[in-house]
Amino acid sequence: MRFQTARPASWQTCIACGNEVVETDPHPRCVACGGLLEIHHRPPAMSPAELIQRFTERRGGQPGATPSGVWRFRDIVLPSADSVVSHPEGNTPLLHRVALDRWAGIDHLLLKHEGHNPTGSFKDRGMTVGVTQARRIGATAVACASTGNTSASLAAYAAQAGLPALVLVPAGGVATGKLAQSLAYGAKTLLVRGDFDDCLRLVEEASDRLGVYLLNSINPFRIEGQKTIILELLQQLAWEPPDWIVLPAGNLGNTAAFGKALREAREWGLIRTLPRLAAVQAAGAAPFARSFAEGFTERHRVKAETVATAIKIGNPASYDRAVQAIIETEGVVLATSDAELLEAKAAIDASGVGCEPASAVTLAGLRQLVRTGQVKQADRVVAVLTGHILKDPGLLLRYHQEIEPPPPGANRPIEIDADVREIERVLKSTA
Ligand SMILES: *Cc1c(COP(=O)(O)O)cnc(C)c1O
């Protein structure tokens, strides 16, 4: 007779060498080879229908509902978590605007607006899990490198958990709204004279030396939380997957999370078919698109340059996980110029939806895919808008007030004397 020791609910494995460690191991990478870690869960002990039923009951309205759009899925996110640090987060809308269907050239485009999260970006979904894990393992401080949104989110969740937070951001390279949030939520904020890639290298060194828990997206618990963007949108679509999911790609944590969520959802019977992922980069920060074009034979690093600061990343940390996500979903990776992403952003903003610059690469990229025939007009597409319009007011004001000659979407304000005749004059001249 053979005895089997029961598997714990979850554990971590290195995706490079297969080394296995317990769920509560605090190292940000594999200690054996430096590879990226991944969380594995024991398959849920119930049928897909029962699991879906459970998620439905928690969705809201009824007593006992879970107010978080992350922890509603806790059975496949972090089943052993007991006391969670939740704002709450998630529950973001799926929006439809006819003007944007037309702009992209398809029949029906849905926008999953992650800018509706508590700190204004999808980073909150990963951070609620990451900070919950930090508390579980008894971390005394938390840290991250960031292009802005991760630091804003970490600062807020660390404040809620009562943990000191250290954030490293590129000096002069962070949008105003994001920097303002980090300061206001009380994180110790270091402006590094360098770019994001320098910040990430530095914070990894520091966390190792100072014993601070690292909450960048290489942290596999953040990936678990970010999976719920996919789970929630599948739930909103009654578990009928779309044909395509389009997302911006910077450090590739989200691309990795989407791939993992879809793989597990199929493995555990929640869906039968996989949507294809379209990961879109900014042309000046597109090392992943270049690797894709070469069949992923080589990993590249570039000196990143783009107005979309959230994806201004030259050496994406989650590269290996993201390659797997693109291959498994028969996905594509492409890049759009800054001019194209700004045009797409102006269209999203003018539709009343609004988003930050990095989010707009989705619409610009989708239009490219429609023009090249890869996405068909009748395909069902969900584009993920990753951040809120107010994250980057500096860029907005430059676009609308300052750029000469004014771009096509520019909406110039008009200064007048405090006299009603002035209003009449303006309305007549622009009629
Ligand atoms: C972080 C972020 C991204 C990029 O996501 P990755 O996981 O780094 O690829 C895109 N848009 C916004 C608004 C972000 O905050």
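A residue is called buried here when its relative accessible area is under 20%. With that cut-off in hand, helix H4 of this predicted model makes a good starting point. Eleven of the 13 residues of H4 are buried, so the helix is largely enclosed by the rest of the structure. The buried set runs from Asn-149, Thr-150, Ser-151, Ala-152 and Ser-153 through Leu-154, Ala-155, Ala-156, Tyr-157 and Ala-158, and also includes Ala-161. These buried residues pack against three helices, H3 (123–136), H5 and H7 (220–236), and against the strands E6 and E7.

The length of H4 can be checked with simple arithmetic. The expected span of a helix is 1.5 Å times one less than its number of residues. For the 13 residues of H4 this should therefore come to 18 Å, and the end C-alpha atoms are indeed 18 Å apart, in agreement. Just after the helix, Gly-162 takes a positive phi of about 75°.

H4 (residues 149–161) also links two strands: together with E6 and E7 it makes a right-handed β-α-β unit. Strand E6 (residues 142–145) pairs with E7 in the parallel sense, over four bridges. Within this pairing, Ala-145 has Leu-168 of E7 as its bridge partner.

Strand E7 (residues 165–170) is itself mostly covered, with six of its six residues buried. The cover extends to both faces: Ala-165, Val-167 and Val-169 are buried on one side, and Leu-166, Leu-168 and Pro-170 are buried on the other. Another strand, E8 (residues 188–192), pairs with E7, again in the parallel sense, over five bridges. Here Val-167 stands opposite Thr-189 in E8. Between E7 and E8 the chain crosses through helix H5 (residues 176–184), and this β-α-β crossover is right-handed.

Attention can now turn to the ligand. There are 15 residues around it, and those that come nearest are Lys-123, Asn-149, Gly-250, Asn-254 and Thr-386. Asn-149 also appears among the buried residues of H4. For three of the nearest residues, polar distances can be given. A backbone N or O atom of Gly-250 lies 2.8 Å from an oxygen atom of the ligand. In Asn-254, too, a backbone N or O atom lies 2.8 Å from a ligand oxygen atom. With Thr-386 the contact involves the side chain, where an N or O atom is 2.8 Å from a nitrogen atom of the ligand.

Terms used. Residues are numbered from 1 along each chain as its sequence is written. This is a predicted model: local features need pLDDT of at least 70, side-chain atom pairs count only at pLDDT 80 or more; totals for chains, interfaces and linings use all residues. Side-chain values use heavy atoms; hydrogens and water are left out. Buried means under 20% relative accessible area, exposed over 50%, partly exposed in between (1.4 Å probe, protein chains only). Two strands pair if DSSP finds at least two bridges between them. A crossover is right-handed if, with the strands pointing away from the viewer, the path from the first strand over the helix to the second runs clockwise. Contact means heavy atoms within 4.5 Å. A residue is near a molecule or strand if one of its heavy atoms lies within 4 Å of it. A polar contact is a pair of N or O atoms within 3.5 Å; within protein, one must be able to donate a hydrogen and the other to accept it, and residues adjacent in sequence count only if both atoms are side-chain atoms.
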